[in-house]
Amino acid sequence: MYPQTYRYTKDHEWVEVKGDSAKVGITDYAQKHLGDVVYVELPALGTKLAVHQTIGTIESVKAVSEVFSPVSGEVVEVNGELNAAPEAVNQDPHGKGWILRLKLAAPGDAAALMDAAAYEKYVAGLEA
Amino acid sequence: MIREPLIFEISEPGKRAYTLPALDVPGPADALAGLPVRAEIPGFPQVSEVEVVRHFTRLSQQNYCVDLGIYPLGSCTMKYNPKINEKVAALLGFAASHPLAPADTVQGDLEVLRLVEDYMCEIAGMDACTLQPAAGAQGELTGMMLIRACLEERGDPRKYVLVPDSAHGTNPSSAHLCGYTVKEIKSNEGGTVDLEDLARQMTDEVAALMVTNPNTLGVFEYDICKIAEIVHAKGGFLYMDGANMNALTGKCRPGDMGVDVLHINLHKTFSTPHGGGGPGAGPVAVKRALEPFLPVPRVAGTSGALILDYVRPKSIGRVKSFYGNFGVILKALAYIWSLGPDGLRETAEIAVLNANYIRRSLDKDYYLKYTTATLHECVFSDKFQKEHGVSNLDIAKRLIDYGVHPPTMSFPLIVHGALMIEPTETESKRDLDQFIEIMITIAREAETDPELLRTAPHATVVRRLDETGAARNPILKWEHRKT
Amino acid sequence: MSYISLGDKDKKEMLERIGASSLEELYGCLPDEVLLKRRLALPEAMPEAELLRRFEDLAARNTYPAHLSFLGAGVYRHFVPAVVDYLSARGEFVTPYTPYQPEISQGTLQIIFEYQTLVCQLTGMDISNASLYDGAMAAAEAVLMASRLNAKPKVLVARSLHPEYKATIRTYIRNLGVRIEEIGFGADGRLDPADLARKIDKDTSAVLVQSPNVFGVVEDLKAVGDLAHGHQALFAVAIAEAASLGLLAAPGVFGADMVFGEGQSFGLAPSFGGPYLGFMACKKEHLRQLPGRIAGQTKDVDGRRGFVLTLSTREQHIRREKATSNICTNQAWCALRATMFLETLGHDGLREMALQNVHKARYAAGVLGRIAGVKRRLSGPVFNEFVLELPKDVAAVNARLKAQGVIGGLELRPFYPELGNSALFCVTEAHTREDIDRLAGLMEEALR
């Protein structure tokens, strides 16, 4: 269920690191609890983010959730597809529902996060 | 039932519903020179009076309302709206009053304001009152501004406001609009403010604690006097959200419990009608220390020679134009005069009786997260029904099939899948029993036929609406299409 | 009077089921120290007939309605078609709650949708909300919205914006790091473009102007809008006299980012200051920062068209301290009356009403301006209000008029001392020629 190459946060964001580039999104657990996503607030390109700084918000009909940056870096790309099709976050949260890409400021940030196995265990504990 | 189109869909050039008297002064074309005259508005309605009357009459038949049946919305106090109140509020002497009229020509209006201010103070146990705020939320904002202004005068406005996790969303948003950072206070297992958490978080950087009493679970904050002590000991103010005053009128008074400032919802406790979403009124009553900061103008002088006093150097200013939702205030005055002191007390007692009757009748079939004694409302959750895949939303939609308005849902946030029920004092036992029977029937249906609930309602003019689609692709007005 | 529907037997049975022996016992969960030990000190309960008498007495103490009045300044006397009172009094419109359960609130929701459409049609904007408390609060919300949109700290506000709107803005922004600066008006009564050009800079979030302004003068919205946009500031237009939209060009045509104001002219009684109707509309790109409830169109599971409250994530019950506004209850029933008013007047009726306002005000300004010593101030084009400077103290003149059953123009010195001994007169379609001639006769007498 949860891609092995990704790392995960307690707030249910995932990050996929490739060299000094990091792709960020929210997990399947998060999208299930949010319900149908209607809008994703994306940051401006060039925004510098620290670990756990708010990236933006994701809105469903009845709730708003903040998305926190799992790693520190600078926003170099945002997923513009989400403007016309926010449902991608529900349908493919780990793939087409990605939110933004950062240029990593500190390569060590991701290592501090949970791997897929640890995250699955964490989520199972929440649902109990 | 006839599905009624939008007015724009039945509109056609050449139809008129109203005729003005002929112009009795010269009307030369050059009178418009220098004015930016607008083009025609394509699609602006042109219909006949018959069409207007049928349009709105048919639309009215698609609305549930208090005049139809029980409206058990927790924290909304949807009590019956007395019809004599509507009649007196519409008297021409009041309706035609211009707010800038000379004071000696509107002594009746000023007397109304003076009387209702005094009555609010007596009922709430406070020293002074403003009727300016147009709704509860605006009252909250006003109250918090008063606190801030007073603290500023003392030298330090402070940084934080404490709000219980069970609070209504307007509480933190009002505090925020005052420039405060909101910190949450946990509720204990009884559902009330955790005194230890409060003591820990109440520092001299905290301007106020905002409390609702009874709280949003319908539970009276038993330790309210202790809560006030903790807050006052550190120089802070105790703000009370008066949304649930219907449980208290004539039984106890916030001012006697250490509350420094509260807002009251006239459209809840004092029977003024909700009108589909307003207008309401949110008077704010304060203790003497906050009186100098009240919004301007204040009614001053003696009966028969009342004036509006604008010379109030410490006032926070005004939160809206003029003096408040006067037409609403008139109805509250009618209500207070109608009921008198015993009637107001009886209101609270019967509101509590009705709510406890429902609570006791439903507590086998619905889960009560908090077993603490409740007053005028109670909060169940969908926990039992969730075992069959039925949520509080499904229960609500099925209630609609039985011709009853659902309770408040999903609030307070501390009860997952909440169903907050407040019948108010004006419901008959027959209506209460009918509501109870329907709720129990639905609990049974959840076990035997959950799909029926998940697809409810079935009997309404529209069935479940696509709220996701509405938010993803907003269509917020009718568009004229050129042909 | 009592509205309790329980008989004695009912109460007994209910207490039995609960397991309590008295109503007092139900309050056992309160500490004894807070229980009130006396009756509330309020007048004794009044039966309906007595209540009516008391209210008629109170209403009779208002002598204002017996006068012929020329007051405007944000509250206007217009004709209201009989159907508006008749239809809006229906219990299905007066007694429902906010339409959170859309399946049983399609009446309210469709009317809100029609209302939003009408506001957009009249203002020339893309999106409208379902109402705010009044024009003054709408002005404050517009200032807050502007600063949320571009995070700049300064809003330039026309000095000719209604004083109560300005006062409300000041109260709302007190604690929020936004400041306002006034832009003066010229001899024509319009916003002074030179003053605006001097004060507008990179810190300016928005330029806010009212049209017709507090003096009744119609602004050159194109000039103001161009200046605002030329400095990357938002252009916000306030409307205190909504009836003007029946005839004057929609502010949207001049590039307004936000148009807001007071809808009292659309079928609401003056009612000593409220309840009124704040309206607010904006360009579609600002949608997510628009405060207040909004109704949207959608479909149900069977494909039928229906309406729902939507985009609720802007609001306090979801976003709590991060909401666009703390507004909850708004002015739905007032918006309902305005919708009925507009749909009854219709396109041509609204235009004709506005035209009559212009002609009657023009006639009045002419007749009064010809009285010896009376000077017309502010030369700009007006809608239904105008300013006259009088040769004798305005308060003294008004006292004499009042003794004759006429309420004259609003004394302006307390708000605009620069206009000296001036008064603001309002004339609408509800004034007859005889009314205006009567005012002129009495004023001439008073000024002799």
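How many of the seven residues of strand S4 (residues 206–212) of chain B are buried? In this predicted model, the count is seven of the seven, so S4(B) is largely enclosed by the rest of the structure. Its neighbours on the sheet are easy to pick out. On one hand there is strand S2 (residues 160–164) of chain B, which runs parallel to S4(B) and is joined to it by three bridges. Within that pairing, B:Leu162 has B:Leu209 of S4(B) as its bridge partner. On the other hand there is strand S5 (residues 237–241) of chain B, also parallel to S4(B), with five bridges between the two. Here B:Thr212 is matched with B:Asp241 of S5(B).

Zooming out to the whole of chain B, the secondary structure adds up to 14 helices and twelve strands. The radius of gyration is 25 Å, which agrees with the value near 23 Å that a compact globule of 483 residues would have. Along the principal axes, the C-alpha atoms of chain B fill a box of roughly 75 × 65 × 45 Å. Burial is counted for 60% of the 483 residues. As for contacts in chain B between residues at least 6 apart in sequence, 72% of them link residues at least 24 apart.

Chain B is split by the domain assignment into domain 1 (84–338) and domain 2 (341–469). Their C-alpha centres sit 30 Å apart, and the contact between them involves 19 residues of domain 1 and 22 residues of domain 2. On the domain 1 side of chain B, the touching residues come to six nonpolar, eleven polar and two charged.

Chain C gets two domains as well, with domain 1 put together from two segments (66–79 + 346–447) and domain 2 covering 82–340. The C-alpha centres of these two domains of chain C are separated by 28 Å, with 25 residues from domain 1 and 25 residues from domain 2 making the contact. On the domain 1 side, helix H11 (332–369) and strand S12 (385–389) of chain C each bring at least two residues. H11(C) gives the most, with seven residues. By class, this side of domain 1 of chain C has 16 nonpolar, six polar and three charged residues.

Between chains, the picture depends on which pair is looked at. For chains B and C, 166 residues of chain B are in contact with 157 residues of chain C. The largest share of the chain B side, 22 residues, is supplied by H9(B), and that side breaks down into 93 nonpolar, 46 polar and 27 charged residues. For chains A and B, the contact takes four residues from each chain. The chain A side of it has three nonpolar residues, no polar ones and one charged.

Then there is the nonpolar core. The largest one holds 340 residues, and B:Ile329, C:Val207 and C:Leu208 have the most contacts inside it. Helix H9 (residues 326–362) of chain B gives the largest share of this core, 21 residues. In soluble globular proteins, nonpolar side chains tend to be buried together. Around C:Val207, and leaving aside neighbours within four places in sequence, the contacts are C:Leu156, C:Leu196, C:Ile200, C:Val224, C:Leu227, C:Ala228, C:Ala233, C:Phe235 and C:Ala236.

Notes:
Residues are numbered from 1 along each chain as its sequence is written. Chains are lettered from A and ligands numbered from 1 in the order in which they are written. This is a predicted model: local features need pLDDT of at least 70, side-chain atom pairs count only at pLDDT 80 or more; totals for chains, interfaces and linings use all residues. Domain bounds come from an automatic or database domain assignment. Two residues are in contact if their C-beta atoms, placed from the backbone, lie within 7 Å. Ala, Val, Leu, Ile, Met, Phe, Trp, Tyr, Cys and Pro count as nonpolar, Asp, Glu, Lys and Arg as charged, and the others, Gly among them, as polar. Helices (H or I, at least four residues) and strands (E, at least two) are DSSP runs, numbered from the N terminus. The radius of gyration is taken over C-alpha atoms; the globule rule is 2.2 Å times the number of residues to the power 0.38. A residue is buried if 20 or more other C-beta atoms lie within 10 Å of its own, exposed if 12 or fewer, and partly exposed in between; C-beta atoms are placed from the backbone. A nonpolar core is a set of buried Ala, Val, Leu, Ile, Met, Phe, Trp, Tyr and Cys residues joined through C-beta atoms within 7 Å. Two strands pair if DSSP finds at least two bridges between them.
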